[in-house]
Amino acid sequence: MTKKYCKTSAMNKEQPEIEVCFGPECGDKGSPALAKELEALGYTIVMGDCRSQCANAPLVLVANQGVVTSTCAKVLAKIKAVQEVE
């Protein structure tokens with residue numbers, strides 16, 4: 001997992017940028033485990049900072065598009081949707 005220090009709008013059809021929030025609420029709601037699960041599937045994960053979406057935790061951004069109350073299945077569906085647009 002890498003720590004993101006500057007915001008970029010990376011859009012890669014093969015693998016869009018996947019940012020997992022590691023803020024307090026998202027962390028409590030399982031974002032570290034979700035990040036590990038996605039990494040185990042071969043995705044590169046960027047550790048994100050709090051986006052003030054605590055009510056929607058855990059938050060994942062796929063190509064800067066939010067996935068709220070994220071699960072692995074929801075994130076994979078968003079990745080597929082982003083890839084189909086390209």
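Helices and strands here are DSSP runs, with at least four residues for a helix and at least two for a strand, and they are numbered from the N terminus. With that in hand, here's a quick tour of a predicted model. Reading from the N terminus, the elements of the protein go β-β-α-α-β-β-β-α, which comes to three helices and five strands. The protein has 86 residues, and 34% of them count as buried.

**The cavity**

- The structure holds one cavity of 30 Å³ or more.
- The largest cavity has a volume of about 50 Å³.
- If you'd like to find the largest cavity in the model, look for its lining residues: C21, G23, P24, E25, C26, C50, R51, Q53, C54 and L59.
- Sorted by character, that lining splits into six nonpolar residues, two polar ones and two charged ones.
- Helix α1, which spans residues 24-28, gives the most to the lining of the largest cavity, with three residues.

**How α2 and α3 meet**

- Helix α2 covers residues 31-40, and its axis comes within 10 Å of the axis of α3, with the two crossing at roughly 50 degrees.
- That makes α2 oblique to α3, because the angle is neither under 35 degrees nor in the 65 to 115 range.
- As for handedness, α2 passes α3 in a right-handed crossing.
- E37 sits in helix α2, and it counts as partly exposed because its relative accessibility is 43%, in between the 20% and 50% cut-offs.
- E37 also pairs up in space with C72: the two are 35 residues apart in sequence, while their C-alpha atoms are 7.3 Å apart.

**The loop between β3 and β4**

- Strand β3 is residues 45-48 and β4 is residues 60-62, and P58 has its place in the loop between them.
- P58 is joined to A57 by a cis peptide bond, with omega at about -5 degrees.
- A57 belongs to the loop between β3 and β4 too, and it is buried because its relative accessible area of 7% is under 20%.
- Along the chain A57 and F22 are 35 residues apart, and their C-alpha atoms are 9.9 Å apart in space.
- R51, one of the residues lining the largest cavity, is found in the loop between β3 and β4.
- With a relative accessible area of 32%, R51 is partly exposed.
- There are 30 residues along the chain between R51 and C21 as a separation, and 7.5 Å between their C-alpha atoms.
- C21 is itself on the list of residues lining the largest cavity.
- S52 is another resident of the loop between β3 and β4, and it is exposed because its relative accessible area of 61% is over 50%.
- S52 and C21 are 31 residues apart along the chain, and 9.9 Å separates their C-alpha atoms.

**Positive phi outside glycine**

- A63 has a positive phi of about 50 degrees, even though it is not a glycine.
- You'll find A63 in the loop between β4 and β5, where β5 is residues 65-67.
- A63 is buried, because its relative accessible area of 13% is under the 20% cut-off.
- T69 is another residue other than glycine with a positive phi, near 40 degrees in this case.
- T69 is in the loop between β5 and α3, the helix made of residues 72-85.
- T69 counts as partly exposed, because its relative accessibility of 35% is in between 20% and 50%.

Conventions
Residues are numbered from 1 along each chain as its sequence is written. This is a predicted model: local features need pLDDT of at least 70, side-chain atom pairs count only at pLDDT 80 or more; totals for chains, interfaces and linings use all residues. Side-chain values use heavy atoms; hydrogens and water are left out. On a 1 Å grid over the protein atoms alone, a cavity is a set of points where a 1.4 Å probe fits but cannot get out, and a pocket is an open set with protein on both sides within 12 Å along at least five of seven lines; lining residues have an atom within 4 Å of a point. Grid points are joined across faces, edges and corners, and a volume is the space filled by probe spheres set on the points. Ala, Val, Leu, Ile, Met, Phe, Trp, Tyr, Cys and Pro count as nonpolar, Asp, Glu, Lys and Arg as charged, and the others, Gly among them, as polar. Buried means under 20% relative accessible area, exposed over 50%, partly exposed in between (1.4 Å probe, protein chains only). Axes are lines fitted to C-alpha atoms, for helices over the stretch in contact, and angles run from 0 to 180 degrees between N-to-C directions. Angles under 35 degrees count as roughly parallel, over 145 as roughly antiparallel, 65 to 115 as roughly perpendicular and the rest as oblique. A crossing is left-handed if the near helix is turned anticlockwise from the far one by less than a right angle, and right-handed if clockwise.
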